[in-house]
Amino acid sequence: MDNNRRYTTDLAADFGSELIGVNEFAALLGLDSSTAAQLRAERKRDQSGFPAVVSESGRTFLHRLEDLITWIEASRFGSIIAEQPSEVASWRLERLMRTVVEQVGVVPARRLLAALALDATQQDLTKESASARANLAERLLQDLPDETASASKRIANEFGRDTVDIAAVDRVLVELGSHQPGIPNRTDNDIARLAALILDTDKGDVVYEPTSGECEILLRVAELATQRNKPLHQVAGSDDDIEASLIGEARLQLAGVDAIIGPTPNAGTVNRLIIDPGWSTDRRHL
């Protein structure tokens, strides 16, 4: 129980004033869906002493995180709290990035996160790969507003916890860019996975996506190839949207995918082509 108390105390100290729903709270504490349902039932009972609802929108009820932690540690559920390092790392990073977005805007925040993630995940890389990551991080950091300096320290501290995995970073990068003005529409993850299945690559293939955007399709193509033990030789992509290409290249680098993003590949070097131009693309331009 001592470890669990340190775990929840750390959460309360850093993010105690954050508003959170019961299901999300249960996930952070490693509680299963059945227990989450019991927590929701506790909330409905006036005599339970359950923390007050701070915000309500439709069927969503939000409570202060510190209030929920104080309550659950004294409840019958306190003994079954289990540390969820990856889940909490994603949650902490996502909450932190909300603040950064408020300070500097969505696009700079995403570039900053991608750059710091590249810098923090250099372990066990070849000199060539490390150099490629460093160069990409430098491009991502170019022309960012001065306000990112203080934000970068807080994000760097999160990476210093050794609990932030690449999946968490990628998930936050995607979520930060979803439904935001000025952020291009990306291929839906399910569609990207279906595209990868249809393409059906073989070992040593070179795959090119001429409208790669943030590289969702290329990520899923490389992922499927690895799962099938048929690793690709390389992936390549290009896009008119420079910001999207930067983020896409960062996502591929973080996933360990050998990629060339930017210039059109030389004729004869590509043997597999896939394209998702999006509904707003002028097909005549392609």
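**Exercise 1. In this predicted model, determine which strand holds Gln 234, and describe the surroundings of Gln 234.**

Solution. Gln 234 belongs to strand E5, which covers residues 234–237. Once its neighbours within four places in sequence are left aside, Gln 234 is in contact with Asp 205, Val 206, Val 207, Asp 258 and Ile 260. With Asp 258 there is also a polar contact of 3.5 Å, which joins the two side chains.

**Exercise 2. Work out the strand order of the open sheet of 4 strands, and state which strands stand at its edges.**

Solution. Begin with the order, which is E6-E5-E4-E7, with parallel pairing. Strand E6 (259–261) and strand E7 (272–273) each have a single partner strand and stand at the edges, so one side of each is left without a neighbour in the sheet. Next take the pairing of E5 with E6, which is parallel and extends over 3 bridges; here Gly 237 stands opposite Ile 261 in E6. Finally, add the helix that lies across strand E4 (206–209), E5 and E6, namely helix H11 (residues 216–227), which runs at about 160 degrees to E4.

**Exercise 3. Describe the open sheet of 3 strands, giving the order and the sense of pairing.**

Solution. The order is E1-E3-E2, and the pairing is antiparallel. Strand E1 (19–20) and strand E2 (55–57) are the edge strands, each pairing on one side only. Between E2 and strand E3 (residues 60–64), which run antiparallel, there are 3 bridges; Ser 57 has Thr 60 in E3 as its bridge partner.

**Exercise 4. Classify the packing of helix H5 on helix H6 from the angle between them, and describe the contact.**

Solution. Helix H5 (residues 85–104) packs against helix H6 (residues 106–120) at an angle of about 135 degrees, and their axes are 8 Å apart. That angle makes H5 oblique to H6, and the crossing in which H5 passes H6 is right-handed. For the contact itself, Leu 93, Met 97, Val 100, Val 101 and Val 104 in H5 meet Val 106, Pro 108, Ala 109, Leu 112 and Leu 113 in H6. By residue class, the contact of H5 with H6 consists of 10 nonpolar residues, with no polar and no charged ones.

**Exercise 5. Carry out the same analysis for H6 with H9, and then for H9 with H12.**

Solution. Take H6 and H9 to begin with: they pack at an angle of about 170 degrees, with axes 10 Å apart. Angles over 145 degrees count as roughly antiparallel, and H6 and H9 are therefore roughly antiparallel to each other. In H6, the residues Val 106, Arg 110, Leu 113, Ala 114 and Ala 117 meet Val 169, Val 172, Leu 173, Val 174, Leu 176 and Gly 177 in H9. The residues of this contact of H6 with H9 comprise 9 nonpolar, 1 polar and 1 charged.

Turn then to helix H9 (residues 166–177) and helix H12 (residues 242–254), whose packing angle is about 165 degrees and whose axes are 10 Å apart. H9 and H12 are therefore roughly antiparallel to each other, and their crossing is left-handed. On the H9 side the contact is made by Ile 166, Val 169, Asp 170, Leu 173 and Val 174, and on the H12 side by Ile 247, Arg 251 and Leu 254. The contact of H9 with H12 divides into 6 nonpolar residues, no polar residues and 2 charged residues.

Notes. Residues numbered from 1 in each chain as written. Predicted model: local features only at pLDDT ≥ 70, side-chain atom pairs only at ≥ 80, totals over all residues. Heavy atoms only, no water. Axes fitted to C-alpha atoms, helices over the stretch in contact; angles between N-to-C directions. Helix = DSSP H or I, 4+ residues; strand = E, 2+ residues; numbered from the N terminus. Parallel < 35°, antiparallel > 145°, perpendicular 65-115°, else oblique. Left-handed = near helix turned anticlockwise from the far one by under 90°. Contact = heavy atoms within 4.5 Å. Nonpolar A, V, L, I, M, F, W, Y, C, P; charged D, E, K, R; others polar. Polar contact = N/O pair within 3.5 Å; in protein donor to acceptor, adjacent residues only side chain to side chain. Pairing = 2+ DSSP bridges.
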